[in-house]
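Reader: Please go through the terms used to describe this model, and set each value against its definition.

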Amino acid sequence: MTQADDFGFGTQIRKSPYFGATVRWGAKGFSVYNHMYIPRDFGSPEQNFWNLVNEAILCDVAVERQVEITGPDAAKFTQMLTCRDLSKMAVGQCKYILITNADGGILNDPILLRLAENHFWISLADSDILLWAQGVAVHSGMDVKIGEPDVSPLQLQGPNSGLIMQDLFGESIMDLKYYWLREVELDGIPLIVSRTGWSSELGYELYLRDGSMGDQLWERIMAAGMAHGLKPGHTSSIRRIEGGMLSYHADADINTNPFELGFDRLVNLDMEADFIGKATLRRIKEEGPKRKQIGLIIDCEPLTGPNTTFWMINQDGTEIGRVTSAVYSPRLEKNIALAMVAADAAVLGAEVEVVAKSGPTKAIVVERPFYDPKKQIAAA
């Protein structure tokens, strides 16, 4: 039987409070994200996808580290970090935000949680925003405290996740609205629960507020989920690409701006508050982005896994961009991909050439997301 100690890159890579439990429950491989192990392999990625879309999976996403912002100026400071207008964000609400630098580049695309009037968590994608926020605070003149709390999220995702949550927390949990949070306890385990997730399915995130109780929480959820088909799992590349969800460092990075991704709705240039990158983003909007993200259907044999390099895209013998995320969708029975191309090449129905692992192949520019474009499943 595989033991937790069988995995090791050294002590500089942190282990989550659920690490031992995930190994016991069949994790066979890990990646590193925010300087921490994340389970990436519980067997077949396709079976993991079907478990997610048909029943439910439990994922260790403690790698989504929290940057905690408190103090009298917490709200003003948090607004300075993001181009999204937070003026109407209520206590108990969550928002998907972009954190931009002075050049308008995206440093992170996290979920922001507002726990109290002057208490925020930034639930991170893969980059060191704790250091960025602390650096920004030094010369801000604002009264804020910024740190990393003892918080470790789990994702419970899939159509049966609501039934499992009812078994754990009672009927009242069904009142929790999409992108809202609630403070709860489970057998004395302190949690924040939110109706969010990185799956495009109905789902919840459970933020453990005491790392010593990780094993207990994992086992409690798995026991409650048995009757509803719950399986241990990992975030699904298939489902997130179907849903057009970004993976930071793959589909966006410090050299990507929001307008290239079609994220105009997340950039409010008219708000009174200032934020880092505002002047640059105003100029980019006026001039128009030079690149745009597109969806592709790639016409070749089913891909055996996600791309591990950025595949070149050509049109009429000229390189126009790169494939950023590609995978075979067993539900759509197609190879689907997100790509970044020159703005004038982002034409629906256009034919391009993708230099995939197997060689050059035809691809067609299509609408994204590829499945459930209005996110009706996740918001149900």
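Author: Two strands pair if DSSP finds at least two bridges between them; strands (E, at least two residues) and helices (H or I, at least four) are DSSP runs, numbered from the N terminus. The model is predicted, local features need pLDDT of at least 70, side-chain atom pairs count only at pLDDT 80 or more, and totals for chains, interfaces and linings use all residues. Residues are numbered from 1 along each chain as its sequence is written, and side-chain values use heavy atoms, with hydrogens and water left out.

Reader: Why are strands E12 and E13 said to pair?

Author: Strand E12 (residues 181-186) and strand E13 (residues 189-194) are joined over six bridges in the antiparallel sense, so the requirement of at least two bridges is met. One of the partnerships links Leu186 to Ile189 of E13. The hairpin has two residues between its strands, and there Asp187 adopts a positive phi near 50°.

Reader: What makes the crossing of H5 and H6 left-handed or right-handed?

Author: The sense is right-handed if the near helix is turned clockwise from the far one, and left-handed if anticlockwise, by less than a right angle; the crossing of H5 and H6 is right-handed. The axes of H5 (residues 161-169) and H6 (residues 214-225) come within 9 Å and cross at roughly 115°. Such axes are lines fitted to C-alpha atoms over the stretch in contact, with angles from 0 to 180 degrees between N-to-C directions.

Reader: Which residues make the contact of H5 with H6?

Author: Ile164, Asp167 and Leu168 of H5 meet Arg220, Ile221, Ala224 and Gly225 of H6, contact meaning heavy atoms within 4.5 Å. By class, these residues are four nonpolar, one polar and two charged. Gly225 belongs to this contact, and Gly counts as polar.

Reader: How many cavities of 30 Å³ or more does the structure hold?

Author: There are two cavities of 30 Å³ or more. The largest has about 40 Å³ of space, and the second largest about 30 Å³.

Reader: What lines the largest cavity?

Author: Its lining consists of Leu52, Ile57, Cys59, Gln155, Gln157, Trp198, Ser199, His234, Thr235 and Ser236. Strands E3 (56-60) and E11 (152-157) each supply at least two of the lining residues. The lining divides into four nonpolar, six polar and no charged residues.

Reader: Which residues line the second largest cavity?

Author: They are Ile38, Pro39, Cys59, Asp60, Val61, Gly233, His234 and Thr235. E2 (36-41) and E3 each supply at least two of them. The classes are four nonpolar, three polar and one charged; Asp60 is in this lining, and Asp counts as charged.

Key. On a 1 Å grid over the protein atoms alone, a cavity is a set of points where a 1.4 Å probe fits but cannot get out, and a pocket is an open set with protein on both sides within 12 Å along at least five of seven lines; lining residues have an atom within 4 Å of a point. Grid points are joined across faces, edges and corners, and a volume is the space filled by probe spheres set on the points.
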